[in-house]
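Q: I'm new to reading protein models and would like a close look at just one part of this one. Please start with how far I can trust it, then work outwards from the part I pick.

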Amino acid sequence: MPRHFFLRPAVVLGAVATLSLSATGPARAQLQGAVAMPAAQPAPSSAPPATPAAPHSAACTVAADQVRFDFPLPRTAQRLVSGLPIKIVALGSSSTYGVGASTSAASYPSRLAEELVRRFPGHKFTVLNRGVGGEDVSNMLARLDTAVIREKPDLVLWQVGTNSVLDGKAVQPHASLLREGLTRLKATGADVVLIDLQYAPKVITKRNADGMVSLIAATAKAEHVCHFRRFDLMRQWHETEHLPFKTFVSPDGLHMNDWSYACLAKALSLAIAEAAERPTTTATGPSIAPR
């Protein structure tokens, strides 16, 4: 029987616009330092206010089988076994940055740091938010070295595809761009997770949305990296659990809100934990020294 986890909306306090979050032990994630933010980037709090979850019907229900990665996370597993700090970089566009959240502390990278600490008490996790609104895969590749690789991450969460779909760009040329980015990331030894589009009104009306989701899935499989199926998760909220879009999408019809960012973080932490704890030879291999 699938395990389910339930999450009720919580009030979170504001912090600076872009965060480097570090958390150790059972305490909530604490602000470690601010990260430079592009001048044109709006703070999450300046976006349309998050829509409150519908009472009694908006429990965040996540089945372990639903979010299970196709591949393990050997680097993350090694760090956990060795008791070493784990650095995660979240690369993406506005839904990584946190547009639609009431505060930067309600973005998914911020909430993910808290969720991982709850799952792994005593371990230190640093989650760097490297989301920039409006970017597509080409923009992200241009700053891959400075925003991601320079940080020497153990795990990279790469959210991609939405802006290309919104701009009506052809899907197929993205295959080579994704492979280029994955090749560069894998060369660092980091684990990589691709995160696909959000299931939101302004996305699903675009003719190439399904094609982009399929391309991301196929590329992840071919490159042997993990794929987090955000599109399918959010579609289940709407089509199976019958949650109205206003429960998990901001009034702009595009961005997520506090409830959905929190549920996304819950689901990601479950997927990361399962993949990192999955029995593999690499997970119990030689210990690795801190970087």
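What is the mean pLDDT of the protein chain, and what percentage of its residues reach 70 or more? After that, please zoom in on strand β8: is it buried or exposed, and what sits around it?

A: Keep in mind that this is a predicted model. The mean pLDDT of the protein chain is 83, with 76% of its residues at 70 or more. Two stretches call for caution: pLDDT stays under 50 over residues 45–56, and also over residues 282–291. The model does have contacts beyond four places in sequence for both, 27 for residues 45–56 and 22 for residues 282–291. Still, where pLDDT is low, the coordinates shouldn't be read in detail.

Now for your strand. β8 covers residues 191–195, and five of its five residues are buried, so the rest of the structure largely encloses it. Look at where the side chains go: Asp191, Val193 and Ile195 point one way, while Val192 and Leu194 point the other way. Both sets are buried.

Next, the neighbouring strands. β8 pairs with β7 in the parallel sense, over five bridges. You can pick out a piece of that pairing by finding Leu155, whose bridge partner in β8 is Asp191. β8 also runs parallel to β9, joined by three bridges. There, Ile195 stands opposite Phe228 of β9.

What about the packing around these strands? The largest nonpolar core has 82 residues, and Val193 from your strand is among the members that touch the most others. Phe228, Leu157 and Trp158 are also in that group, along with Phe69, Tyr108 and Leu197. Helix α13 (residues 258–277) gives this core its largest share, 13 residues.

Tyr108 is a handy one to click on. Skipping its neighbours within four places in sequence, it is in contact with Ile195 of your strand and with Leu157, as well as Ala90, Ser95 and Thr96. The list of Tyr108's contacts also includes Tyr261, Leu264, Ala265 and Leu268.

Helix α4 runs over residues 108–119 and holds a charged pair, Arg118 and Glu114, four residues apart, or about one turn of the helix. The two form a salt bridge, with their closest N and O atoms 3.9 Å apart. Their surroundings aren't alike: Arg118 is partly exposed, with a relative accessible area of 46%, whereas Glu114 is buried at 6%. Salt bridges that share partners bring Arg111, Glu114, Glu115, Arg118 and Lys266 into one network.

In general, side chains of opposite charge can pair when their charged atoms come close. The structure holds 17 salt bridges, and two of them are worth a look at the edges of our strands.

Start just before β7. Asp154 forms a salt bridge with Arg75, the closest N and O atoms being 3.0 Å apart. Asp154 is in the loop between α6 (144–147) and β7 (155–159), and Arg75 is in helix α2, so this pair links distant parts of the chain, 79 residues apart. Both Arg75 and Asp154 are buried.

Now hop to the end of β9. Arg229 forms a salt bridge with Asp70, with 3.2 Å between the closest N and O atoms. Arg229 lies in the loop between β9 (226–228) and α11 (230–239), and Asp70 in the loop between α1 (64–67) and α2 (74–82), so the pair ties together parts 159 residues apart in sequence. Arg229 is partly exposed at 28% relative accessible area, and Asp70 is partly exposed too, at 46%.

Finally, follow the chain out of β8 itself. The structure holds six aromatic pairs. One of them is Tyr199 with Phe245, a stacked pair that is 6.0 Å centre to centre with 25 degrees between the planes. Tyr199 sits in the loop between β8 and α9 (201–204), while Phe245 belongs to helix α12 (residues 245–248), 46 residues away. Tyr199 counts as buried, at 7% relative accessibility. Tyr199 and Phe245 are also part of one aromatic cluster with Phe231, Trp237, Phe248 and Trp259.

So here's the picture to keep: an enclosed strand, with parallel partners in β7 and β9, and with Val193 among the best-connected members of the largest nonpolar core.

Key. Residues numbered from 1 in each chain as written. Predicted model: local features only at pLDDT ≥ 70, side-chain atom pairs only at ≥ 80, totals over all residues. Heavy atoms only, no water. Salt bridge = Lys/Arg side-chain N within 4 Å of Asp/Glu carboxyl O. Helix = DSSP H or I, 4+ residues; strand = E, 2+ residues; numbered from the N terminus. Buried < 20%, exposed > 50% of the residue type's maximum accessible area, 1.4 Å probe, protein only. Pairing = 2+ DSSP bridges. Phe/Tyr/Trp six-rings, centres within 6.5 Å; stacked < 30°, edge-to-face > 60°. Core = buried A, V, L, I, M, F, W, Y, C linked by side-chain atoms within 4.5 Å. Contact = heavy atoms within 4.5 Å. pLDDT = per-residue confidence, 0-100.
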